[in-house]
Amino acid sequence: LIDPRANAEVSSVQAHEGTKSSRVIFPGKKDYILTVGFSKTSERQIHFWDPRNLSTRMSAMEVDVSSGAFIPQYDEDSGLLFLAGKGDAAVKYFELVDEAPYIYHVSDYRAKDPQKGFCMLPKRAVDV
């Protein structure tokens, strides 16, 4: 973590043991940081961290085994975390809550073609 006011590193942690890429998100007004990455055996993982104390993780979840890195997107209005794996043909939906285990699997969306990228569209741009 970097404090932009002090222009200094406040804290750091090795979030995942794997050598592939990891990503971090700050899910809205939740009291934790969420990281997605890989274990040493290429299992894709989700970890939860207290930003005030990164010495131990709050919770962990093994998602699946795949080679594509997760692209995490969080929708604060619905409390849903969307995980799209680069090269996967599925997007996984999870609900984030304030109490342990902090995450519940909701559903998967499966397409015939794999994703190359994933982003959120502002709700104002959607005509429903």
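How many bridges pair β4 with β5, and in which sense do the two strands run? There are six, and the pairing is antiparallel. Keep in mind that this is a predicted model. Below is a quick tour: the β4 neighbourhood, then the β8, β9 and β10 run, the nonpolar core, a few backbone oddities, and some spots closer to the outside.

**Around β4**

- β4 is well wrapped up: six of its six residues are buried, so the strand is largely enclosed by the rest of the structure.
- In a regular strand the side chains alternate between the two faces of the sheet.
- That split is easy to follow here, with I33, T35 and G37 pointing one way from β4 and L34, V36 and F38 pointing the other. Both sets are buried.
- On one side, β4 pairs with β3: the two strands run antiparallel and are joined by three bridges. T35 is the β4 residue that partners V24.
- β5 is the other partner to look at, and there G37 sits opposite Q45.
- The β4 and β5 hairpin leaves four residues between its strands, and S42 is the one to click on, with a positive phi near 65°.

**The β8, β9 and β10 run**

- β8 and β9 are antiparallel and held by five bridges. One pair to pick out is L81 with its β9 bridge partner, F94.
- Their hairpin has four residues between the strands, and G87 takes a positive phi near 90° there.
- β9 carries on to β10, again antiparallel, this time over seven bridges. E95 stands across from Y104 of β10 in this pairing.
- The hairpin of β9 and β10 has six residues between the strands, with Y102 in the turn.
- As for cover, five of the seven residues of β9 are buried, so this strand too is largely enclosed by the rest of the structure.
- A90 is a β9 residue. Its relative accessible area is 10%, and because the cut-off for buried is under 20%, A90 counts as buried.
- Outside its own stretch of chain, A90 is in contact with L83, A84, G85, Y109, R110 and Q115.
- For a sense of distance across the fold, the C-alpha atoms of A90 and R44 are separated by 14 Å, with the two positions 46 residues apart along the chain.

**The nonpolar core**

- The largest nonpolar core has 14 residues, and those touching the most other members are L34, I46, F48, L81, L83, L96 and I103.
- Which elements give two or more residues to this core? They are β4, β5, β7, β8 and β9.
- I103 is a good residue to centre the view on: leaving out its sequence neighbours within four places, it contacts I46, F48, M61, L81, F94, E95, L96 and V97.

**Backbone oddities**

- Most residues other than glycine have a negative phi, and most peptide bonds are trans.
- The A100 to P101 bond breaks that habit: it is cis, with omega near 15°. P101 falls in the loop between β9 and β10.
- Y102 is in that loop as well, and its phi is positive, near 75°, though it isn't a glycine.
- Is Y102 buried or exposed? It is buried, at 12% relative accessible area.
- S42 also has a positive phi without being glycine, and it lies in the loop between β4 and β5. At 27% relative accessible area, S42 is partly exposed.

**Towards the outside, and the tail**

- L1, V10, V24 and F26 make a nonpolar surface patch of about 370 Å².
- V24 belongs to strand β3, and with a relative accessibility of 45% it counts as partly exposed. So V24 does two jobs in this picture, as a patch member and as the bridge partner of T35, while being partly exposed at 45%.
- Q115 comes in the segment after β10, yet at 14% relative accessibility it counts as buried.
- What does Q115 touch beyond its sequence neighbours? Its contacts are A84, G85, K86, G87, D88, A89, A90 and V91.

Definitions and conventions:
Residues are numbered from 1 along each chain as its sequence is written. This is a predicted model: local features need pLDDT of at least 70, side-chain atom pairs count only at pLDDT 80 or more; totals for chains, interfaces and linings use all residues. Side-chain values use heavy atoms; hydrogens and water are left out. A nonpolar core is a set of buried Ala, Val, Leu, Ile, Met, Phe, Trp, Tyr and Cys residues joined through side-chain atoms within 4.5 Å. Buried means under 20% relative accessible area, exposed over 50%, partly exposed in between (1.4 Å probe, protein chains only). Contact means heavy atoms within 4.5 Å. Patches are made of residues with over 30% relative accessible area and no salt bridge: like charges are joined within 9 Å, nonpolar side chains (Val, Leu, Ile, Met, Phe, Trp, Tyr) within 5 Å. Accessible areas come from the Shrake-Rupley method with a 1.4 Å probe; for residues, only the protein chains shown count as cover. A salt bridge is a side-chain nitrogen of Lys or Arg within 4 Å of a carboxyl oxygen of Asp or Glu. Two strands pair if DSSP finds at least two bridges between them.
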